[in-house]
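Reader: I would like to learn how to read the features of a structure like this one. Could we go through them in turn, with the general idea ahead of each case?

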Amino acid sequence: MTGFRQAQSPDAKSPEAQSPDAPSPDPEAPAGSHTVTLSMQQALNRALDEVLAENPRAVIFGEDCGRLGGVFRITDGLQAKHGASRVFDTPLAESGILGMSVGLAMAGFHPIPEVQFDGFAYPAINQIVCQMARMNYRSRGALPMPITLRVPSFGGIRAPEHHSESLEALFAHVPGLKVVSPSNPHEAYHLLKYAATRPDPVIFMEPKSRYWQKGDVDLRAADTPDAGPPTGAKVMRHGRHITLVAWGAMVARCLQVADLAAEDGIDVEVLDLRWLKPIDAEALVASVRKTRRAVVVHEAPLTSGLGAEVAQLITQGCFDTLKAPVERVTGFDVPYPSGDLEDEYIPNIDRILFGIQRVLEYRRG
Amino acid sequence: MAEISFPLPDLGEGLIEATVLEWLVAPGDQVERNQPLVEVETTKSAVELPSPQAGKVVRIHGGPGDKINVGEPLIVFEVPDNTAGIVGTVPKEEAPKRRVRLSAVLDED
């Protein structure tokens, strides 16, 4: 995996580093087990708790992040445990939240700000794009920006306008930013802990429709030699006939589609891209060289979406073996609709199955 | 569990208060979003106020004939901790439904 620099700051720890004051494994877990069942909310909360304990320079802030514990409860209890100087509320001003993050990072802190909803990131675009993303470059490495910006992202919860945007292509287009999205509680825990140790700014896109689903979290996984740090993409289901490429909430949906396709004799591989910048082209190509067919699925609108980038990387690496052009199953080129139309906008099971069928039917000439 | 208080909303046109006519829910009731909560009368008209969210009613403020000012507490709900404050609705986990069937001849060249 290229694109990740090792931490330059003496405060940034490698994911392997274990601090003695780090929280111990969950007392509810069976003896000898390192696996606990958590919702994504709880997994993210636990990761933040551990980051605060391990890194005295980490600070968390955003609208309602302190006393309330965040509208999605991701920072619940952290202010009471770690103090109001490390977990605190900000005014309702996203440009201020990100401007303060840049200043704190310049002063040696490791800010973990939250923008309460994806659509509220727009007022902070100047601070994100013009300052946070390029300060390291501008200062020739003298001022790294170890900022992890948490953004509850994507749709699926019947929220009003500005609460269901898919901004990954916007952020991925900005040099200097890393972009990542977890698909389940296990990924959320490890990716957030890892992102918070990076010397570069990371946009951490949390799929809000998956916050409440529970899953097993192996608390050790990122530290085992087999797993390594959670960089790059991850095969969530192995298959022979076609690769579904997805991230965030669409991974769970693609896994459902894979089960249904199996009833029809089609063996689907599901690749969770995880990192959307940089994209793990090696893993994409390895999967599709095997299956020779691919569909990329995302909630964001079609045009200039990340699906185009994925399709190009696959074409570049698999042109001689591809059975069909890469299909895209995505949201539509419209503003995100109101809740009643959400199920029509977000790629549903039938639209993804149609995408698979189009690829399977394709014949050259 | 967390408690969420819902104040009497601005009913429009510069109205500053309303009189409770009849409560349609009682403490202990589980209500759904948009379910009518209370009928109130203003100097303009009598209106039913829909619930802004789902939850269990903990307290109601004011009986029939009582005046409530805009912004004062009207009703208090109890909701699970992990949903308090969210904008939107927690999605339900449903069994996947399909209409599309796949049919393909896979040539193994």
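Author: Let us begin with a loop of chain A: A:Pro278 lies between β12 (275-277) and α9 (281-291) of chain A. Please keep in mind throughout that this is a predicted model.

Reader: Which kind of peptide bond joins A:Lys277 and A:Pro278, and what is its omega?

Author: The general idea is that most residues other than glycine have a negative phi, and most peptide bonds are trans. In this structure, the bond that joins A:Lys277 and A:Pro278 is cis, with an omega of about -5°. A backbone case of the other kind is A:Arg140, which is not a glycine and yet has a positive phi of about 50°. A:Arg140 lies in the loop that runs between α5 (135-138) and β5 (148-153) of chain A.

Reader: How should I read the packing of two helices, and at what angle do helix α1 and helix α7 of chain A pack?

Author: Two packed helices are described by the angle between their axes and the distance between the axes. For helix α1 (residues 40-54) and helix α7 (residues 185-195) of chain A, the angle is about 20° and the axes are 8 Å apart. Because angles under 35 degrees count as roughly parallel, α1(A) is roughly parallel to α7(A). The contact is made on the α1(A) side by A:Met40, A:Ala43, A:Leu44, A:Arg46, A:Ala47, A:Leu48, A:Glu50, A:Val51 and A:Glu54, and on the α7(A) side by A:Pro185, A:Ala188, A:Tyr189, A:Leu192 and A:Lys193. By class, the residues of this contact of α1(A) with α7(A) are ten nonpolar, no polar and four charged. As for handedness, α1(A) passes α7(A) in a right-handed crossing.

Reader: How are α8(A) and α12(A) oriented to each other, and which residues make the contact?

Author: The axes of helix α8 (residues 249-263) and helix α12 (residues 349-361) of chain A come within 10 Å and cross at roughly 60°, and α8(A) and α12(A) are therefore oblique to each other. The contact is made by A:Arg253, A:Cys254, A:Gln256, A:Val257 and A:Leu260 of α8(A), together with A:Ile349, A:Ile352, A:Leu353 and A:Ile356 of α12(A). The residues of the contact of α8(A) with α12(A) comprise seven nonpolar, one polar and one charged. The crossing of α8(A) and α12(A) is right-handed.

Reader: What are the angle and the axis distance for helix α3 and helix α4 of chain A?

Author: Helix α3 (residues 94-106) and helix α4 (residues 125-132) of chain A pack at an angle of about 25°, with 8 Å between their axes, and α3(A) and α4(A) are therefore roughly parallel to each other. On α3(A) the contact is made by A:Ser95, A:Leu98, A:Gly99 and A:Val102, and on α4(A) by A:Gln127, A:Ile128, A:Gln131 and A:Met132. The residues of the contact of α3(A) with α4(A) divide into four nonpolar, four polar and no charged.

Reader: Into which domains is chain A divided, and how many residues of each are in contact?

Author: Chain A is divided into domain 1 (36-218) and domain 2 (234-360). The C-alpha centres of the two domains of chain A lie 26 Å apart, and 31 residues of domain 1 of chain A are in contact with 24 residues of domain 2 of chain A.

Reader: Turning to chain B, in what order do the strands of the sheet that contains β1 follow one another, and which strands stand at the edges?

Author: In a regular strand the side chains alternate between the two faces of the sheet. The sheet in question is open, with four strands in the order β1-β8-β6-β3 (chain B) and antiparallel pairing. Its edge strands are β1 (2-7) and β3 (30-31) of chain B, each of which pairs on one side only. β1(B) is joined by six bridges to strand β8 (residues 73-79) of chain B, and the two run antiparallel; the partner of B:Phe6 in β8(B) is B:Ile75.

Reader: Why is one side of β5 and of β7 of chain B left without a neighbour in the sheet?

Author: These strands belong to an open sheet of four, in the order β5-β4-β2-β7 (chain B), with antiparallel pairing. β5 and β7 (67-69) of chain B stand at its edges with a single partner strand each, so one side of each has no neighbour in the sheet. The twist from one strand to the next averages 45°. Strand β4 (residues 36-41) and strand β5 (residues 46-50) of chain B run antiparallel and are joined by five bridges, with B:Ala46 of β5(B) as the bridge partner of B:Glu41. β4(B) and β5(B) form a hairpin with four residues between them. Strand β2 (residues 17-23) of chain B pairs with β7(B) in the antiparallel sense over three bridges, and B:Glu17 stands opposite B:Asn69 in β7(B).

Notes: Residues are numbered from 1 along each chain as its sequence is written. Chains are lettered from A and ligands numbered from 1 in the order in which they are written. This is a predicted model: local features need pLDDT of at least 70, side-chain atom pairs count only at pLDDT 80 or more; totals for chains, interfaces and linings use all residues. Side-chain values use heavy atoms; hydrogens and water are left out. Axes are lines fitted to C-alpha atoms, for helices over the stretch in contact, and angles run from 0 to 180 degrees between N-to-C directions. Angles under 35 degrees count as roughly parallel, over 145 as roughly antiparallel, 65 to 115 as roughly perpendicular and the rest as oblique. A crossing is left-handed if the near helix is turned anticlockwise from the far one by less than a right angle, and right-handed if clockwise. Contact means heavy atoms within 4.5 Å. Ala, Val, Leu, Ile, Met, Phe, Trp, Tyr, Cys and Pro count as nonpolar, Asp, Glu, Lys and Arg as charged, and the others, Gly among them, as polar. Two strands pair if DSSP finds at least two bridges between them. Domain bounds come from an automatic or database domain assignment.
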